[in-house]
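The following exercises ask the student to read a protein model step by step. Each task is followed by a worked solution.

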Amino acid sequence: MVHRAVRAAVVAPVVLVLASCSLIGGHAAPSAAAKRSASAHAAPTASASSSPPAALRGSASPVAPTAEPASTPAPSPTLTPIASGTVVAEGDVTSPKGSVHFHYRMVADGDNTFSAEYSSVTSTLPVPVSVTLIDIPPQVGDGLTDHGVGDHQLGGPAPATAPASSASLDAAGHDPSFLTTLVTYSSATPEQAVPVEIGPNKVLAVSTLHWSVPVRASNVHPVDIGGAHPYAYGVVTATTASGAPRTYLVAHGDTAGMVAARFGISIEDLVWLNTGVRVFGNKQYLYEGTRLNLDPDSL
């Protein structure tokens with residue numbers, strides 16, 4: 001009986017020690033309950049599945065990352081627009097039957113927008129002629145159903161030389177190069193008695209645009225320094241034309257500070273590149289599955 005009592009006394013402390021181990025270590029990385037996917041531009045919803053685990057519940061809700069204090073503050077991130085007047089595409093258009101001619105230039109406005117400029121416009125057609133930019137080229141003779149970006153009437157009906165004119169490409173955003181086709185089409189009205197081939201919205205000419213949009217200058221230059229490491233285990237999912245990291249997929253346990261350090265930028269830079277990104281816990285854990293932008297020119 002004495003031996004059994006001693007054995008029980010020895011076993012009991014061991015069980016207590018093992019039990020206490022399960023209550024420690026919650027601060028090293030988010031638990032499985034913290035796994036979730038979230039957009040870099042939308043805060044997670046306040047649900048049971050998106051709440052931080054108990055060990056990390058120092059904050060009542062996700063918060064924006066905060067920069068660590070530094071002895072020498074880094075300069076604020078900047079992005080310089082393309083200079084006003086920079087020509088990013090240019091060419092001449094002649095319709096297959098030679099009835100329409102004009103010259104075009106796509107020009108930067110200096111504020112991250114662009115304009116289309118048209119000159120030397122001539123037409124022998126008895127209907128007004130218009131142009132628009134789209135991404136999927138139609139065929140000459142098709143009926144245009146989508147008037148795309150920068151829809152603009154050049155002039156007409158002929159015979160006359162239309163004055164130079166321009167149209168805003170604001171809808172294209174800071175990089176209009178995805179608009180690979182300039183379509184010239186008839187702006188005849190349904191009441192006009194004209195041949196079918198020059199009827200309303202009939203495509204008269206299809207021209208391929210060759211863009212040369214320069215990368216906007218920035219003082220933020222992310223570089224993948226040494227690849228994955230603790231608290232920055234995610235992967236680079238896309239790169240720029242120069243080979244710099246473009247997007248990053250957050251892994252379980254990644255923190256804002258370590259991800260920023262992996263790419264040689266500050267937390268302020270990371271937040272500037274990803275407006276609306278959220279973290280949780282006092283180590284500023286990022287939400288697993290968040291896709292972070294690392295390319296200043298994409299802003």
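The exercises below concern this predicted model and go from the whole chain to single residues.

**Exercise 1. The whole protein**

Task: State how many helices and strands the protein has, and what share of its residues count as buried.

Solution. Step 1: the secondary structure consists of three helices and 16 strands. Step 2: the protein has 299 residues, and 38% of these count as buried. Step 3: one may add how contacts are spread along the sequence. Among contacts between residues at least 6 apart in sequence, 66% join residues at least 24 apart.

**Exercise 2. An open sheet**

Task: Give the strand order of the open sheet of four strands, and explain why one side of S6 and of S10 has no neighbour in the sheet.

Solution. Step 1: the order is S6-S5-S9-S10, and the pairing is antiparallel. Step 2: strand S6 (149–155) and strand S10 (203–208) stand at the edges, and each has a single partner strand; therefore one side of each has no neighbour in the sheet. Step 3: on average, with direction ignored, neighbouring strands of this sheet are turned by 20° against each other. Step 4: for one pair in detail, take strand S9 (residues 181–186), which pairs with S10 in the antiparallel sense over five bridges. Tyrosine 185 has valine 203, in S10, as its bridge partner.

**Exercise 3. The surroundings of threonine 247**

Task: Decide whether threonine 247 is buried or exposed, and describe the polar contact of its side chain with another side chain.

Solution. Step 1: threonine 247 belongs to strand S13 (residues 245–249). Step 2: its relative accessible area is 17%. Because buried means under 20% relative accessible area, threonine 247 is buried. Step 3: the side chains of threonine 247 and threonine 237 are joined by a polar contact of 2.5 Å. Step 4: a polar atom of the threonine 247 side chain also lies 3.3 Å from the backbone nitrogen of alanine 238. Step 5: with neighbours within four places in sequence left aside, the residues in contact with threonine 247 include Val235, Val236, Arg291 and Leu294.

**Exercise 4. The largest pocket**

Task: Give the volume of the largest pocket, and name the residues closest to its centre.

Solution. Step 1: the volume of the largest pocket is about 400 Å³. Step 2: 21 residues line this pocket, and those closest to its centre are Val215, Thr240, Ser242, Asp295 and Asp297. Step 3: strand S11 (217–218) and S13 are the elements that give two or more residues to the lining.

**Exercise 5. Backbone exceptions**

Task: Identify the cis peptide bond between glycine and proline, and compare the settings of serine 120 and glutamine 284.

Solution. Step 1: most residues other than glycine have a negative phi, and most peptide bonds are trans. Step 2: the bond between glycine 156 and proline 157 is cis, with omega about -5°. Proline 157 is found in the loop between S6 and strand S7 (160–162). Step 3: serine 120 has a positive phi, near 50°. Serine 120 lies in strand S4 (residues 114–123), and its relative accessibility is 54%, so serine 120 counts as exposed. Step 4: glutamine 284 also has a positive phi, near 60°. Glutamine 284 is found in the loop between strand S14 (279–280) and strand S15 (285–286); its relative accessibility is 12%, so glutamine 284 counts as buried.

Technical notes
Residues are numbered from 1 along each chain as its sequence is written. This is a predicted model: local features need pLDDT of at least 70, side-chain atom pairs count only at pLDDT 80 or more; totals for chains, interfaces and linings use all residues. Side-chain values use heavy atoms; hydrogens and water are left out. Buried means under 20% relative accessible area, exposed over 50%, partly exposed in between (1.4 Å probe, protein chains only). A polar contact is a pair of N or O atoms within 3.5 Å; within protein, one must be able to donate a hydrogen and the other to accept it, and residues adjacent in sequence count only if both atoms are side-chain atoms. Contact means heavy atoms within 4.5 Å. Two strands pair if DSSP finds at least two bridges between them. Axes are lines fitted to C-alpha atoms, for helices over the stretch in contact, and angles run from 0 to 180 degrees between N-to-C directions. On a 1 Å grid over the protein atoms alone, a cavity is a set of points where a 1.4 Å probe fits but cannot get out, and a pocket is an open set with protein on both sides within 12 Å along at least five of seven lines; lining residues have an atom within 4 Å of a point. Grid points are joined across faces, edges and corners, and a volume is the space filled by probe spheres set on the points.
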